[in-house]
Amino acid sequence: MKTILILEDDENLSRGIAFTFERDGYHTFSAGNIKNGKRMLEQHKIDLIILDLGLPDGNGIDFCKEIRTYSKIPIIMLTACDLETDEVSGLLAGADDYITKPFSLSILRARVEALLRRTEDESPHVMVSGKFRMNVDLCKFFRENEEIPISTTEYRLLSFLMINAGQVLSKEQILSSLWDNEGNFVDENTLPVNISRLRAKLEEDPKNPQIIKTVHGIGYIWNGGV
Ligand code: CA
């Protein structure tokens with residue numbers, strides 16, 4: 001079942017949207033401000049966000065930009081004004097689509113369905129290896145259904161290892177893939193330090209790692225299972 005987060009402070013409109021999508025078989029969460037929306041996004045698996053432009057504790061464009069720093073989750077913006085500049089800046093903030101108020105709920109439904117169809121075919125949002133699961137949209141990592149908290153660096157390292165599961169990766173390969181884009185200098189210790197942090201979180205016996213194995217003289221290999 002697909003889950004939609006409705007971030008809209010107009011309660012009647014929010015209820016109408018929730019009713020329409022629940023009736024269509026979606027699961028919905030509703031929030032009237034950014035603070036609550038953020039909390040729901042952290043706590044639940046959300047497939048799409050309907051995001052109002054004007055919210056009591058901030059504006060939808062800024063929130064959309066913030067979401068885009070860590071997630072590709074589909075976003076439809078609801079804009080109250082039909083000024084072209086607003087629409088353009090909304091889209092530049094990374095929204096996938098927008099609708100100008102007032103709109104009919106059947107049009108919103110059609111847009112949501114089209115957007116979900118479009119984004120479903122894109123690169124996988126979840127990587128699975130054995131009992132481990134990485135939600136790429138939310139940068140969250142799970143063992144079975146239990147979330148394992150990881151830092152941004154650990155997330156990048158883990159993604160690279162999991163994408164290349166079963167392949168021996170040299171230390172140089174790992175380091176360059178992790179930090180090239182940022183251009184930040186990283187000293188040699190960063191890799192072993194982060195590897196041992198991850199092992200402490202993932203391995204049954206971190207001293208005898210079976211999931212992130214060391215390949216002596218070369219680097220590491222992800223052995224989390226298929
Ligand atoms: Ca509003």
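Which residues of the largest nonpolar core touch the most other members?

## Basis of the model

This is a predicted model, in which local features need pLDDT of at least 70 and side-chain atom pairs count only at pLDDT 80 or more, while totals for chains, interfaces and linings use all residues. Residues are numbered from 1 along each chain as its sequence is written, and side-chain values use heavy atoms, with hydrogens and water left out.

## Nonpolar cores

F141, L158, L161, I174, I212 and W222 touch the most other members of the largest nonpolar core, which has 23 residues. At least two residues of this core come from each of β9 (132–135), α6 (152–163), α7 (171–179), α8 (190–202) and β14 (219–222). Helix α6 gives the largest share, 6 residues. A nonpolar core here is a set of buried Ala, Val, Leu, Ile, Met, Phe, Trp, Tyr and Cys residues joined through side-chain atoms within 4.5 Å. Buried means under 20% relative accessible area, exposed means over 50%, and partly exposed lies in between (1.4 Å probe, protein chains only). Helices (H or I, at least four residues) and strands (E, at least two) are DSSP runs, numbered from the N terminus.

Leaving aside residues up to four places away in sequence, L158 touches M134, F141, I150, L198, L202 and W222; contact means heavy atoms within 4.5 Å. A second, separate core has 21 residues, among them A31, M40, L41 and C64.

## Helix α3 and the cysteines

Helix α3 spans residues 60–68, and its residues G60, I61, F63, C64 and I67 are buried. These residues lie on the same side of α3 because they cover an arc of only 160° around the axis, the arc being that of the directions from the helix axis to the C-beta atoms. At the N-terminal end of α3, N59 acts as a cap, with a side-chain oxygen 2.7 Å from the backbone nitrogen of I61.

The structure holds 0 disulfides, a disulfide being a pair of cysteine sulfur atoms within 2.5 Å. For C139, the closest cysteine sulfur is that of C64, and the separation of 16 Å is too far for a bond. C64 is buried, with a relative accessible area of 0%, whereas C139 counts as partly exposed at 25% relative accessibility.

## Calcium site

D9 (OD), D52 (OD) and G54 (O) coordinate the calcium ion at 2.1 to 2.3 Å. The spacing of these donor residues in sequence is D-x42-D-x1-G. Donors are N, O and S atoms within 2.8 Å of the metal (3.2 Å for Na, K and Ca); water is not among the atoms, so the site may look incomplete.

D9 and G54 are 45 residues apart and link distant parts of the chain: D9 sits in the loop between β1 (3–7) and α1 (11–23), and G54 in strand β4 (residues 54–55). D9 counts as partly exposed at 36% relative accessibility, and G54 counts as partly exposed at 42%.

## Contacts of T20 and D24

T20 lies in helix α1 and counts as buried at 5% relative accessibility. Not counting residues up to four places away in sequence, T20 touches L105 and R109.

D24 is in the loop between α1 and β2 (27–31) and counts as partly exposed at 29% relative accessibility. With the same sequence exclusion of up to four places, D24 touches R109 and E113. D24 and R109 are 85 residues apart along the chain, and their C-alpha atoms are separated by 9.1 Å.

Technical notes: Polar contact = N/O pair within 3.5 Å; in protein donor to acceptor, adjacent residues only side chain to side chain.
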